Structures are given as C-alpha cells and as structure tokens.
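Notebook open. I went through the entry by topic: conventions, annotated domain, one helix, the ligand, and odd backbone angles.

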Amino acid sequence: MAGALITGAAGFIGSHLAARLLAEGLAVRGIDNLDPYYPAWIKERRLATLRAAPGFDWRPGDLRRADLPALLDGVTWVFHLAARPGVRASWGDGFDEYARANVLATQRLFEALRDRPVERVVFASSSSVYGENASGDAGEEAPRRPISPYGVSKLAGEGLAWAYHASYGVPVVALRYFTVYGPEQRPDMAFHRFLRALLEGREIEVYGDGRQTRDFTFVGDAVEATWRAARAGEPGAVYNIGGGSPAGLGEVIAMLETLTGREARVRLSPARPGDPRATRADTRRAREAFGYAPVTGLREGLARMAEWMPGFLAAEAALGAEHGAA
Ligand code: UGA
C-alpha cells in the first residue's frame, strides 16, 4: 500500500482528503498540532472518524519539532496542508504564529524532503496570494500582491516550494485554493457563521457592503483536485483551484434562506482589512494538466453544508463546548 502523509490532517480540507485517500486504499499518516485558532474539539471530532479506519496512522505533533525522517518513512505522497489559516486574524501580534506555522514549519518540512524519493509534495496555497488580482484572466501569472499578512505567509510558502524544487528537485506542486466550503468548514468562515446564525435565529454579520464576491469551491472538488495534482501535476508548477461558482454574499444568503426555510436578518459591519473585493479562478491550467473540473455547484454544495450543520451544533451543545472562533 502506497503511503501518504497529510500535514494538518485534523483540519477542514485535510480531514476530507484523508478520508478520500483511505477510500482509495492508501495508507494515510496524519500529523496535526491541533492549533488553538479554533476549538480543538472540532478537530478531535474529525479525527475520531479517521482513527476508526485501519489504514490511518495518527501522529499528533508539531512540524516544528516532530521527528520528520520518521514521519516521512515509507511515504510516497506528501500533502502539506498544515497552516495557521484565516485572512482577517493575521494582522498585529497574530502574525507571529502565521510566520511560524506557514513559513518556518514549511521550510523545515521541505528541508527534510531533500533527497527523499517521494512522488509529489502538494503544497496548499491560497487565492489570497493575489490580493486584488484574483479575478482577471491572467490565470496563475496574475501579479501576486497579497493584501493580508496571511496572503504574504502563503506566498512565502510558495517561494520555499519553488526554491526546494529548483535547487533540490523536490517535486512540489502548489495549489491556490479559492474559498473552500462544505461540511466541516472552519467556524471562522463565512458560510459556517451564516448558517449557524440562521439556525440559531441570530443576525448574520456581513463585513463591508456585502458586495464582495468569491469563487467558492466545494471541498469535494478541492480534494479531487489535490489527489489529481499529486499524480499528474507538474513539479514546480502552481495551479488555481476554484469552484466555478463565483457569487456574492447576498446570493449565498438567499440560497441559505431557501435551504433552511428561515428568514435572514443581516447586519452590516465595517469591511475587514485584507479582504479582497472579488476572486474568480481561471482554472484552465489545472484542467489541462490533470483534468480538473469542479462538479459541485453552489446550491448543491450549500445544501450539503446545511445537512451537516445541525449535527455539528448538536455535538457542540452535547459537549457544552465553547463557540467557534470569532
Ligand atoms: C478563505 C479562507 O478562510 C482562507 O484560509 C483561504 O486562504 C482563502 O479563502 C482563499 O481563498 O485563499 P475568505 O475568502 O475570507 O478566506 O473566506 P470566508 O471566511 O468564507 O469569507 C468570505 C467572505 O465573506 C469575505 O469577504 C468575508 O469578509 C465575508 N464574511 C466572512 C462576512 O461578511 N461575514 C462573516 O461572518 C465572515
């Protein structure tokens, strides 16, 4: 059985990827530091399902201190998804952890990958590396001008990926995911917060004028892209991974009202620094290289998330757990 290492295996995308690779018959080793950016019970809950699978090898730990040669032993594919996420929280003192998790830990992992016979390393990058340039037709060549420290940290990760590829032949492929959503979405992200507010009868807080748009990507499509990139992405290359469903927040809220049968009460609050006005992924390169084509549209993806949310809220209530990150 070929082996995969997933860093950030308890995360939103990482846990979905782990389930998918286990279903493919791969042995999956997962590391995660259960970073306190949002409550640990959410990650433990994802892990509980994964740990029930015989092919899953759980290695709790932090990439900055872990025994990386042992972690990489027998591994064919590496998926480096571990990161401090979140655009809006990356300002101020918070940046310290972004630099450590997204830059220093990434460099340490790439260093350990020198001279390792791995098939591919997939690095999770982000549409946030473009800043306000994420909606043109220039594809991956659009200028990278991040407008948040988080985007800067992801761009630094891409830079490291390139350096270790160019100088040591590490076969890294970087994926720029565009606002991924679906079941298990992080509690700080828009759809999670909107759905929770609707179901709990609270106001939905929209940042700015609400006219920002995103190329929302269903997590199943992001996972499919990731596994395809691991097999057929060109080492050294970068690919946009978008969902093909650019939409504004108003449209999303209207769909959520229909899905939940509840009427939204929206409160506008100040726009958050670091949030781009619009993103739209040009995914031609990923389509040509590894046949990526998103299959889950926004309405269907939101329906899947709406089905998942009540169980999540019930688990939270049963635990008497703290609410998700603000
Ligand atoms: C998301 C992820 O959180 C990042 O980790 C990822 O790197 C990034 O996508 C990406 O595409 O690269 P973001 O687009 O901000 O970042 O995703 P959401 O948190 O779902 O926010 C979407 C929009 O809704 C933003 O404009 C945000 O300002 C807005 N929003 C969010 C609200 O109006 N209210 C909220 O309560 C939350």
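I took helices (H or I, at least four residues) and strands (E, at least two) as DSSP runs, numbered from the N terminus. The model is predicted, so I kept local features at pLDDT of at least 70 and side-chain atom pairs at pLDDT 80 or more, while totals for chains, interfaces and linings use all residues. Residues are numbered from 1 along each chain as its sequence is written, and side-chain values use heavy atoms, with hydrogens and water left out.

Ligand. I looked up the residues near the ligand (a heavy atom within 4 Å). There are 22 residues around the ligand, and R88, S126, S127, R193 and D275 come nearest. I found that α6 (190–199) and β8 (204–207) each give at least two residues to this shell.

I then checked polar contacts, for the ligand a pair of N or O atoms within 3.5 Å. S127 has a polar side-chain atom 2.6 Å from a ligand oxygen. For R88, a side-chain N or O atom is 2.7 Å from an oxygen atom of the ligand. For Y150, the distance from a polar side-chain atom to a ligand oxygen is 2.9 Å. The ligand taken alone exposes 690 Å², of which the protein buries 95%; these areas are Shrake-Rupley values with a 1.4 Å probe.

Domain. The unreviewed UniProt entry annotates residues 4–242 as "domain: NAD-dependent epimerase/dehydratase". I note that such annotations may be inferred rather than shown by experiment. Over residues 4–242 I read 38% helix and 20% strand, with the end C-alpha atoms 24 Å apart.

Helix α4. I checked the length of α4 (residues 95–113): its 19 residues should span 27 Å at 1.5 Å a residue, and the end C-alpha atoms are 26 Å apart, which agrees. The expected span is 1.5 Å times one less than the number of residues.

I listed the buried residues of α4 (buried is under 20% relative accessible area, exposed over 50%, partly exposed in between; 1.4 Å probe, protein chains only). They are E97, Y98, A101, N102, A105, T106, L109, F110 and L113. An α-helix has 3.6 residues a turn, so residues three or four places apart point the same way. The buried residues of α4 pack (heavy atoms within 4.5 Å) against elements including β1 (3–7), β5 (120–126) and α5 (149–168).

Backbone angles. D115, in the loop between α4 and β5, has a positive phi near 60° without being glycine. At 68% relative accessibility, D115 counts as exposed. L34, in the loop between β2 (27–32) and α2 (40–51), has a positive phi near 50°. L34 is partly exposed, at 22%.

Conventions:
A polar contact is a pair of N or O atoms within 3.5 Å; within protein, one must be able to donate a hydrogen and the other to accept it, and residues adjacent in sequence count only if both atoms are side-chain atoms.
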